[in-house]
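Good morning. Please have a look at the structure on the screen, and then I will go through a few of its features.

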Amino acid sequence: MSNETTIHKSLSIRISTDGLSFCIYAPAGLPRYTYKTVEVKPVVSMAANLKEALRTEPLLQQPYQRVNVLITTPQFTTVPAVAFDREHVDDVFHFVFPGTERTHVSYNLLRRAGIAIIFGLDKNVRQLLLDDFPRARFYASASTLVEFFSERSIIGKHRRMFVYLHDGEATIYCFNQGRMLFANTYSVNGIADAQYYILNIWQQLGFNQLDDALSVVSDGERSAELVDKIRYFIKDVSLIERNEDFRDTVTRGNTTIPYDLQTLLVCGF
């Protein structure tokens with residue numbers, strides 16, 4: 001394959017607790033993007049699943065101008081940018097998540113939001129990716145979403161909570177005029193679990209049921225149901241419309257690609 005063909009192609013790989021998928025973006029090609037989910041075998045490690053995919057998936061064996069790796073993990077923590085020290089990222093991470101010595105610690109510095117996201121990635125998974133893509137860049141799902149939601153939260157005069165339902169989890173972000181107040185991920189078994197965490201955090205942060213806003217998005221079909229139930233408790237609740245968020249991108253209208261992966265394409269890291 002010539003450099004003429006590959007120079008404008010980028011590859012984004014998404015790795016979650018039990019999922020593996022990738023998106024290829026070719027601005028000058030047809031189709032302009034290709035999204036594929038790799039079937040993961042739960043009886044073996046993610047590293048073994050990734051190794052098999054890298055060996056057998058033809059699209060993962062091509063050269064790309066840019067390779068982004070998105071880590072969708074609950075193992076992330078935040079540090080204000082003014083207090084961030086690269087030399088201490090391992091200490092901070094292992095203090096928050098003890099017993100993770102086999103985890104490689106990475107970080108993303110988000111200048112727009114004024115924070116750093118420190119996150120973990122399995123060392124074997126990271127090495128496999130670097131063996132095939134030496135210039136790969138690693139991002140936490142939380143990083144793309146904080147940057148994206150931070151900008152959206154500037155609109156309006158009140159505080160805003162964003163809820164992302166994905167991979168059996170609910171990730172909750174709260175902002176006040178672009179300044180992040182809270183970020184965390186919770187395992188959920190259904191809408192009732194998500195509702196419990198939302199209302200509990202809403203109360204802890206002192207959000208106002210009449211003035212502050214809640215926005216919900218999901219990689220499945222449950223976000224509308226959650227919005228309907230939560231309206232009994234919070235007045236300003238909305239369902240995030242992907243057509244509006246991504247109206248200027250080639251992924252507009254696509255609900256197959258995970259929301260955090262779409263934000264990665266939009267944020268332009």
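I will talk about salt bridges, then two backbone angles, then a cavity.

Before that, a caution: this is a predicted model.

Let me begin with charged side chains. Side chains of opposite charge can pair when their charged atoms come close. How many salt bridges does a search of the whole structure find? The search finds seven. I will go through three of them.

One of them joins Arg-14 and Asp-167, with 2.8 Å between the closest N and O atoms. Arg-14 sits in strand S1, residues 10-15, while Asp-167 sits in the loop between strand S9 (159-166) and strand S10 (169-176), so this salt bridge ties together parts that are 153 residues apart in sequence. Is Arg-14 buried or exposed? Arg-14 counts as buried, because its relative accessibility is 5% and the cut-off for buried is under 20%. Its partner Asp-167 is partly exposed, at 36%. The pair also belongs to something wider: Arg-14, Asp-167 and Asp-260 are linked in a network of salt bridges.

The next pair is Lys-36 and Glu-57, whose side chains meet in a salt bridge at 2.8 Å, N to O. Lys-36 is in strand S3 (residues 33-38), and Glu-57 is in the loop between helix H2 (46-56) and strand S4 (66-71), so the parts tied together here are 21 residues apart in sequence. Lys-36 is partly exposed, with a relative accessible area of 33%, whereas Glu-57 is buried, at 13%.

The last pair I will show is Arg-112 with Glu-151, a salt bridge of 3.0 Å, N to O. Here, too, distant parts of the chain are linked: Arg-112 is in the loop between strand S6 (103-110) and strand S7 (115-122), and Glu-151 is in helix H5 (residues 141-153), 39 residues apart. Arg-112 is partly exposed, with a relative accessible area of 48%. Glu-151 is partly exposed as well, at 47%.

Now to the backbone. Most residues other than glycine have a negative phi, and most peptide bonds are trans. Asp-167 comes up again here, with a positive phi of about 50 degrees although it is not a glycine. As a reminder, Asp-167 is in the loop between S9 and S10. Gln-177 is not a glycine either, and its phi is positive, near 55 degrees. Where is Gln-177? Its place is in the loop between S10 and strand S11 (179-187). At 39% relative accessibility, Gln-177 counts as partly exposed.

Last, the inside of the model. The structure holds one cavity of 30 Å³ or more. The largest cavity has about 50 Å³ of space. Which elements each supply at least two residues of its lining? They are H5 and S10. The residues that line this cavity include Ser-141, Ala-142 and Leu-145, and also Glu-169, Thr-171 and Tyr-173. Others in the lining are Thr-72, Thr-73, Pro-74, Phe-76, His-166 and Thr-185. By class, the lining has five nonpolar, six polar and one charged residues.

If you keep one residue in mind, take Asp-167: it pairs with Arg-14 in a salt bridge, and it has a positive phi. That is the end of my part.

Key: Residues are numbered from 1 along each chain as its sequence is written. This is a predicted model: local features need pLDDT of at least 70, side-chain atom pairs count only at pLDDT 80 or more; totals for chains, interfaces and linings use all residues. Side-chain values use heavy atoms; hydrogens and water are left out. A salt bridge is a side-chain nitrogen of Lys or Arg within 4 Å of a carboxyl oxygen of Asp or Glu. Helices (H or I, at least four residues) and strands (E, at least two) are DSSP runs, numbered from the N terminus. Buried means under 20% relative accessible area, exposed over 50%, partly exposed in between (1.4 Å probe, protein chains only). On a 1 Å grid over the protein atoms alone, a cavity is a set of points where a 1.4 Å probe fits but cannot get out, and a pocket is an open set with protein on both sides within 12 Å along at least five of seven lines; lining residues have an atom within 4 Å of a point. Grid points are joined across faces, edges and corners, and a volume is the space filled by probe spheres set on the points. Ala, Val, Leu, Ile, Met, Phe, Trp, Tyr, Cys and Pro count as nonpolar, Asp, Glu, Lys and Arg as charged, and the others, Gly among them, as polar.
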